[in-house]
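Colleague: I should be grateful for a close look at the aromatic pairs of this model, with enough of the surrounding fold to place them.

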Amino acid sequence: MAGDCIFCKIAAGEIPAKFRYKDDEIIAFDDLDPQAPQHILIVPRKHIRTTLDLTTADNELIGHVYQVAGKLAHDLGFAQDGFRVVNNCNEGGGQSVWHIHFHLLGGRDMVWPPG
Ligand code: AMP
C-alpha cells in the first residue's frame, strides 16, 4: 500500500466507496464523477502506478480485470448493448489518480473518437 494513495485507502476500507465487486486481487466501485449512467472503476489492490509499470508478473491480474469487467457489464444489464473499458495513462492520457485503474462505462451509446 502506498500511504498517500486514495485507491489504496479505498481498498483498505479507510475511505468509503460504493463497492460493486471485491476479491483478493481487485476491487470495483462507482466513480465519484460518473461519465455515463454506469461508471465503475476496476482497481487492482496492488499499487501499480501506471500501465507503463506493469510487468509480466501482472499478466494474470490484468486478464482478471477484464473478466470482472465483462461480468459486471453482464450483471448490471448493459453487456449486450455495449460498453467501454478505458485505462488512462499519464497526464496527456487523462490520468489523475496514480494507481492503475480501468473505467467501465455503460448505459449509453459511446462515441468514437473519444475525447
Ligand atoms: P483517471 O482520471 O483516469 O485517473 O481516473 C480517476 C477517476 O477516479 C476519476 O474518474 C475520478 O472521478 C475518480 N475518483 C477520484 N477519487 C475518487 C473516489 N474517492 N471515489 C470514487 N472515484 C474517485
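**The aromatic pairs in their setting**

Modeller: Phe 78 is buried, with a relative accessibility of 4%. The model in which this residue sits is a predicted one. The ring of Phe 78 meets that of Phe 83 with the centres 6.1 Å apart and the planes at 70°; because planes over 60 degrees apart count as edge-to-face, this pair is edge-to-face. Its other member, Phe 83, is partly exposed, at 34% relative accessibility. The pair therefore joins a buried ring to a partly exposed one.

The structure holds four aromatic pairs. One of them is formed by Phe 19 and Phe 29, again edge-to-face, with 6.1 Å from centre to centre and 75° between the planes. Phe 19 belongs to strand E1, residues 19–22, and Phe 29 to strand E2, residues 26–30, so this pair ties together parts that lie 10 residues apart in sequence. As for burial, Phe 29 has a relative accessibility of 3% and counts as buried, whereas Phe 19 is partly exposed, at 29%. Both rings also take part in a cluster, in which ring pairs link Phe 7, Phe 19 and Phe 29.

The fold around these rings can be described briefly. The chain has two helices and five strands, and their order along the sequence is α-β-β-β-α-β-β. A compact globule of 115 residues would have a radius of gyration near 13 Å; the value for the chain is 14 Å, which agrees with that expectation. The C-alpha trace spans about 40 × 30 × 30 Å along the principal axes. Of the 115 residues, 36% are buried, and Phe 29 and Phe 78 both fall under the 20% limit, which means that they are counted as buried. Among the contacts between residues at least 6 apart in sequence, 52% join residues at least 24 apart.

The outer face of the chain may be added to this picture. The accessible surface comes to about 6,900 Å², and carbon and sulfur atoms account for 51% of that area. The chain carries 10 positive and 15 negative charges, and the mean positions of the two sets are 3 Å apart.

Returning to the second half of the chain, strand E4 covers residues 83–86, and the loop between helix H2 (59–75) and this strand contains Gly 82. Gly 82 is partly exposed, with a relative accessible area of 25%. The C-alpha atom of Gly 82 is 8.3 Å from that of Arg 108, although the two residues are 26 positions apart along the chain.

Two backbone features complete the account. In the loop between E4 and E5 lies Asn 90, which is not a glycine and yet has a positive phi of about 70°. Asn 90 is partly exposed, at 31% relative accessibility. Further along, in the segment after strand E5 (102–106), comes Pro 113. The peptide bond that joins Trp 112 to Pro 113 is cis, with omega at about 5°.

Conventions: Residues are numbered from 1 along each chain as its sequence is written. This is a predicted model: local features need pLDDT of at least 70, side-chain atom pairs count only at pLDDT 80 or more; totals for chains, interfaces and linings use all residues. Side-chain values use heavy atoms; hydrogens and water are left out. Helices (H or I, at least four residues) and strands (E, at least two) are DSSP runs, numbered from the N terminus. The radius of gyration is taken over C-alpha atoms; the globule rule is 2.2 Å times the number of residues to the power 0.38. Buried means under 20% relative accessible area, exposed over 50%, partly exposed in between (1.4 Å probe, protein chains only). Contact means heavy atoms within 4.5 Å. Accessible areas come from the Shrake-Rupley method with a 1.4 Å probe; for residues, only the protein chains shown count as cover. Lys and Arg count as positive and Asp and Glu as negative; His and the chain ends are not counted. The place of a charge is taken as NZ of Lys, CZ of Arg, CG of Asp or CD of Glu. Rings of Phe, Tyr and Trp (its six-membered ring) pair if their centres lie within 6.5 Å; planes under 30 degrees apart count as stacked, over 60 as edge-to-face and the rest as tilted.
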